[in-house]
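Notebook open, coffee poured. I wanted to go through the domains, the helix packing and a few backbone oddities.

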Amino acid sequence: MAELEAVIGLEIHVQLATKTKMFCGCELSFGDEPNVHTCPVCLAHPGVLPVINEQAVRFALQIAAALECEVAPRSIFHRKNYFYPDSPKAYQISQYDIPIAGAGRLGDIRIHRAHLEEDAAKMIHVGESGRIHGSGASLVDFNRGGTPLVEIVTEPDLRSAAEAASWARLLRETVRQLGVSDVNMEEGSLRVDGNISVRPAGSDELGTKTELKNMNSFRFLERGIEAELARQRDLIEAGGTVEQETLHFHPEDGSLHPLRSKEEAHDYRYFPEPDLVTIAPTEAMLREARESLPELPAARIERYTNELGLAPDIALTLATDPLRAQFFEQTLKSSDVGAIPVANWVTGELTAALRQAEIDTEEAKVTATSLAALIDLVQGKKISHGSGKTVLATLVAEGGDPAEIVDREGLAQISDSGELESIVAAAIEANPDAAKQIKAGNGKAIGAIVGFVMKQTKGRADGGEVNRLIKEQLGA
Amino acid sequence: MTELLALTALGAHRAMAAGDLDAGEYADAWRRAAAGDELNAYLWRDEDGDAGPVAVERPSIAPIAVKDIFCTEGVPTTAGSRILEGYEPPYTATAVRKLIEAGAPILGKTNMDEFAMGSSNENSAYGPVLNPWDRERVPGGSSGGSAAAVAGGLAPWAIGTDTGGSIRQPAALCGIVGLKPTYGAISRYGMIAFASSLDQCGPFTRDVSDAALMLAILQGQDPCDSTSVGLPKSPSLPDREDLTGLRFGVPSDLTGHDFDAGVRAVFEATLEKIQELGGEIDTVSLPHAEHGISAYYVIAPAEASSNLARYDGVRYGMRAPSSGDVIEMYEQTRAQGFGAEVKRRIMLGTYALSSGYYEAYYGQAQKVRTKIAGDFKSAFDQVDFVVTPTSPSVAFKLGEKTADPLSMYLNDFFTVPMSLAGIPAISIPAGLAQPAGGGPELPVGFQIAAPAFAEQKLLGAAYALEQGIGFDARPEGVPNG
């Protein structure tokens, strides 16, 4: 049998960080006392009417712009009808056949659509089952009910669980940098569901898909998809067929459980929401959405690798941390050396120094100018790399001018070649065994003598020069 | 006191403005009159002028009867349904709030067909309303309580809602004026939804001037209702003296159908009266209008099936005692809370929206609706107004049509097309006629429809015609101004 290829699409629900709910004036909140952010509209009292939150539309347009989606000139809301206590109207106002955003892409993955809708209320089931069936009682908290959501649906372009998780991270970072959502998976402001199927590698046809829910971290997302792919492969390889169903991932033991209750054979009886008018974004709104975009991770990665020649992993590290990226760019501007050493320092030595000092990036005293000066000193061989790290620790904790710190702490590299030559000669004499081995052709033994020199000079010697001198003096 | 109650709302307003009438005393007089309700017109009355959050401290205009479909804070609001028994809304409908702000005290909440579904008021969970002209007959529906209250001397004026004829038909059957404004002229916020794309609030009044006065209070864009736009200009009191230069179109596609001879006689006499007043009568074609009822009874129940889904016993209103799970609680609550007609329409609507049937029913009905709106547009290229009888018959007997939903639905034959087109239409009393089976004469309504947002022009023509007709009959015992 041909190898089975994974075909994965994601559906991502993003809670928008608007001031108020999607269709009423209630404040958005997380973690408040239950049912304090409610009104006749979001409790679906008789006679109430929804009114579209303009900020939510603007946020959705920003997401559409970031995902390079086509924006519908006129999109409408539909009612999705179903009975469940988390839906007080017994219908969710959502977008159906004409979503606000159509085809787009993020990185290599195509976006199918993105649409606006409202979140359901939160249910808490008392008792052992943890579900409405078999629970002792079910409580409803309407604080969350009516929170604006953008649902983003990808094309089934992802080919592995790891790729899905890594792309989902990129999406989260993209949305986070737009400032339109908290994108917190644990709190549910970002929820990722997977549509998962397998097919013989190379086939163009799609296999029967299952929908996978309840993966509230990227790790669980990857593990859940992995588990479901394994289940489908085992099933097919054993001669069985995949049934279309919704599965719940249980992170405790990695198991998958079919979901029923709410979804029992549903016909949502969609029809256009007669209480709302068409969303027709003006040219000004579209322009504003486009112009409000910061440089997003995907574009930044492309620029860093193509224009600055950074390695992809370093570009990714910077792109997913906009503060760090900004610091990198400022440092690069003040520095005389190229992007690669600066990026290495920012992602490597600086990160390590911050971790060592247990200081947040925002609190560190080091400035872009001072870091640039420090990197220039190291690259210009004014101080050794090791001394550079020492200076950086001081910069992080206290700030200051690197050149002054070098002077104050006597860290200037030994530039007098005569002085270094005699130190090297003394080191060879002090390590006769190592010297013998080097002469015998064991290159690795040179480390002992270099280390001795560094110790003697307190790291002020240039490692490369020391190496050269040792070999020269031993005739190796 | 009888003299006081004989005033129209505008007459009272003028007397108050002149300092000849104390608004508080006037409201009290109406409260006493309302207390004598023998028609089951009211479901709740403000007995002592203390309606809590919806009380008016200083009345400055005639008190009002409000259809029980409008939410009134702290005051029972049932929409004629058992499922909302005991429900007191936490907020007040925009239309009612505007009336309160204008200084109109609320006399009470009026009886209605459950969730506005009906043409006879016999679908109320709280018993039928009796027609003040003949208590063995229906007042029409669904706003039967509001119509009977105004016609029966229990309120100077009232508000109701019209989805397919629920203001115009009861106004016709009770011999008063009923206006359904353009869809969007008045906010629907706080008006319990039956069919959202059709529902519209409007006045029941003794005459056309009162209708204009109330429309001026009610109309306007409301930030709480995205579909509201208000009227281009606040209507002024009509003062048109004749109908010279106005063309009235009779849609033969509708009037060519069979209806009561007595109603036809009054209709034809009214067409003559129009000509006497200088108006011109033309025949117009509304080729799709006769399919209005079919389209309406798909669209309205479809929207209703969704609008009424919120009555589930979870948050307010009735909840059936149930030992089972949440689904059983829903089922029991809705089985016990809704009446037969409401259940019938929920079933109809649910079916029409079902996957696989949507295009054949809801989709098709929407196309018919668009065609009907197009028909009116073409007709209005030719004439200023389209006129028909309001109802195919005068008030019928209680129980006469309850066993036959289809014949009940045909009551809306003349009124539904305008609702589907979203255009304004008014019913004015045009004369009296015997019922088909004989007996004492009963009022006949004449319907005038105008292009969207042409309320001012509509009121002008209706006023001139009203003056020309001079209808002054009243049910026995009701003061005549």
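**Chain B, domains.** I looked up the domain split of chain B and got domain 1 (2-243 + 456-469) and domain 2 (290-364). Such bounds come from an automatic or database domain assignment. This is a predicted model, and I kept its limits in mind: local features need pLDDT of at least 70, side-chain atom pairs count only at pLDDT 80 or more, and totals for chains, interfaces and linings use all residues. Residues are numbered from 1 along each chain as its sequence is written, while chains are lettered from A and ligands numbered from 1 in the order in which they are written.

I checked how far apart the two parts sit: the C-alpha centres of domain 1 of chain B and domain 2 of chain B are 27 Å apart. Their contact draws 20 residues from domain 1 of chain B and 17 residues from domain 2 of chain B, where contact means C-beta atoms, placed from the backbone, within 7 Å. On the domain 1 side of chain B that touches domain 2 of chain B, I find 10 nonpolar, 7 polar and 3 charged residues. For these classes, Ala, Val, Leu, Ile, Met, Phe, Trp, Tyr, Cys and Pro count as nonpolar, Asp, Glu, Lys and Arg as charged, and the others, Gly among them, as polar.

**Chain B, a helix pair.** Next I went to α7 (residues 208-218) and α16 (residues 455-469) of chain B, which pack at about 160° with their axes 9 Å apart. Helices here are DSSP runs (H or I, at least four residues), strands are E runs of at least two, and both are numbered from the N terminus. The axes are lines fitted to C-alpha atoms, for helices over the stretch in contact, and angles run from 0 to 180 degrees between N-to-C directions. That angle makes α7(B) roughly antiparallel to α16(B). My crib for the words: under 35 degrees is roughly parallel, over 145 roughly antiparallel, 65 to 115 roughly perpendicular, and the rest oblique.

The crossing of α7(B) and α16(B) is left-handed; left-handed means the near helix is turned anticlockwise from the far one by less than a right angle, right-handed means clockwise. From α7(B) I noted Val208(B), Ser209(B), Ala211(B), Ala212(B) and Leu215(B), against Glu455(B), Leu459(B), Ala462(B), Tyr463(B) and Glu466(B) of α16(B). By class, this contact of α7(B) with α16(B) has 7 nonpolar, 1 polar and 2 charged residues.

**Chain B, a cis bond.** Which peptide bond is cis, with omega near 10°? I found it running from Gly141(B) to Ser142(B). Ser142(B) sits in the loop between β3 (106-110) and α5 (144-151) of chain B.

**Chain A, overall.** I counted 15 helices and 13 strands in chain A. The C-alpha trace of chain A spans about 95 × 55 × 45 Å along its principal axes. Chain A has a radius of gyration of 30 Å, whereas a compact globule of 476 residues would come out near 23 Å (taken over C-alpha atoms; the globule rule is 2.2 Å times the number of residues to the power 0.38).

The assignment gives chain A domain 1 (4-289), domain 2 (295-409) and domain 3 (417-474). The C-alpha centres of domain 1 of chain A and domain 2 of chain A are 39 Å apart. Their contact takes 7 residues from domain 1 of chain A and 5 residues from domain 2 of chain A. Which element gives the largest share of that domain 1 side? α2(A) does, with 4 residues.

**Chain A, helix pairs.** So to α2 (residues 161-178) of chain A, which packs on α3 (residues 218-237) of chain A at about 150°, axes 8 Å apart. That makes α2(A) roughly antiparallel to α3(A). α2(A) passes α3(A) in a right-handed crossing. Among the contact residues I noted Ala161(A) and Arg169(A) of α2(A), and Phe218(A) and Leu229(A) of α3(A). The contact of α2(A) with α3(A) has 9 nonpolar, no polar and 3 charged residues.

I also looked at α8 (residues 339-357) and α9 (residues 368-379) of chain A, at about 110° with axes 11 Å apart. α8(A) and α9(A) are therefore roughly perpendicular to each other.

**Chain A, a backbone note.** Glu68(A) has a positive phi of about 55° although it is not a glycine. I placed Glu68(A) in the loop between α1 (54-66) and β2 (78-81) of chain A.

Note on methods
Two residues are in contact if their C-beta atoms, placed from the backbone, lie within 7 Å.
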